[in-house]
Amino acid sequence: MKYLLAIAALLPVTLHAAEPDDTQLGVALGTPGGVNLVMKKEIAGHPIQLAVGYTGKAYGIEAGYSFYYNRDSAMRSWQVIVGSSTIKDNALTYYSTQDVVYRVYEDEDWNYAGVSGTFQYGGFYIEPGITAGSGDFSSPQLTIQVGWLW
């Protein structure tokens, strides 16, 4: 959570340094944190993206670098992504001792790297991807963001 707060604190500084026409801000559902704030921009000619999400039970952060970018196409970009997601109190384990049943909730984590593609029409976009990583989920995992960029 402290990493999310640090990134969120840096976001206004990054936006202030950006030219208005090269920054897209938006909201998306999906990976990494359920409900995400998304920023896509070019810094020194390098297209990058950042998504920070939080829903109360899940949170995460994801960064990406576009190795293919075409502003004039619906197939907007292909990017390499890295991220981390946590779902709090998701895994449920039962155990019992002397006729007493205990329920234990555990956090589940996923730290990953992968590739995603962005399909965008106007402000609406969908970004499916595939990732491999470590944590409490099997590898590989499919990821997705669906949202709106301004």
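Does Trp150 count as buried or exposed, and at what relative accessibility? In this predicted model, Trp150 counts as exposed because its relative accessibility is 62%. The close-ups below start from that residue.

**View 1. Trp150 and its neighbours in a nonpolar surface patch.** Trp150 sits in the segment that follows strand 8. Along with Val27, Leu29, Val35, Leu37, Phe119, Phe124, Ile126, Ile144, Val146 and Trp148, Trp150 makes a nonpolar patch of about 1,000 Å² on the surface. Strand 8 chips in the largest share, three residues. At least two residues each come from strand 1 (23–30), strand 2, strand 7 and strand 8.

**View 2. The hairpin of strand 6 and strand 7.** Here you're looking at two strands that run antiparallel, joined by 10 bridges. Two residues lie between the strands, and one to look for in the turn is Gly122, with a positive phi of about 65 degrees. Check Tyr121 too: it stands opposite Phe124 in strand 7. Phe124 also turns up in the nonpolar patch.

**View 3. Lys40 and Glu127 in a salt bridge.** Side chains of opposite charge can pair when their charged atoms come close. A search through the whole structure turns up two salt bridges, and in this one the N to O distance is 2.7 Å. Lys40 belongs to strand 2 (residues 34–43) and Glu127 to strand 7, so the pair ties together parts that are 87 residues apart in sequence. Both Lys40 and Glu127 are buried.

**View 4. Glu42 and Arg71 in a salt bridge.** In this pair, the closest N and O atoms are 3.1 Å apart. Glu42 is in strand 2, while Arg71 is in the loop between strand 4 (58–69) and strand 5 (75–97); the pair links distant parts of the chain, 29 residues apart. Glu42 counts as partly exposed because its relative accessibility is 23%. Arg71, at 48%, counts as partly exposed as well.

**View 5. A patch of negative charge on the surface.** Five acidic residues to find here are Asp89, Glu106, Asp107, Asp109 and Asp136, which gather in the patch. Strand 6 (residues 100–121) gives the most, with three residues. Asp136 comes from the loop between strand 7 (124–135) and strand 8 (141–149). With 44% relative accessibility, Asp136 counts as partly exposed, whereas Trp150 from the opening view, at 62%, counts as exposed. The cut-off behind those labels is simple: exposed means over 50%.

Terms used: Residues numbered from 1 in each chain as written. Predicted model: local features only at pLDDT ≥ 70, side-chain atom pairs only at ≥ 80, totals over all residues. Heavy atoms only, no water. Patch = residues over 30% accessible without salt bridge, like charges linked within 9 Å, V, L, I, M, F, W, Y side chains within 5 Å. Areas by Shrake-Rupley, 256 points an atom, 1.4 Å probe, with all protein chains shown as cover. Salt bridge = Lys/Arg side-chain N within 4 Å of Asp/Glu carboxyl O. Lys, Arg positive; Asp, Glu negative; His and termini not counted. Charge placed at Lys NZ, Arg CZ, Asp CG, Glu CD. Helix = DSSP H or I, 4+ residues; strand = E, 2+ residues; numbered from the N terminus. Buried < 20%, exposed > 50% of the residue type's maximum accessible area, 1.4 Å probe, protein only. Pairing = 2+ DSSP bridges.
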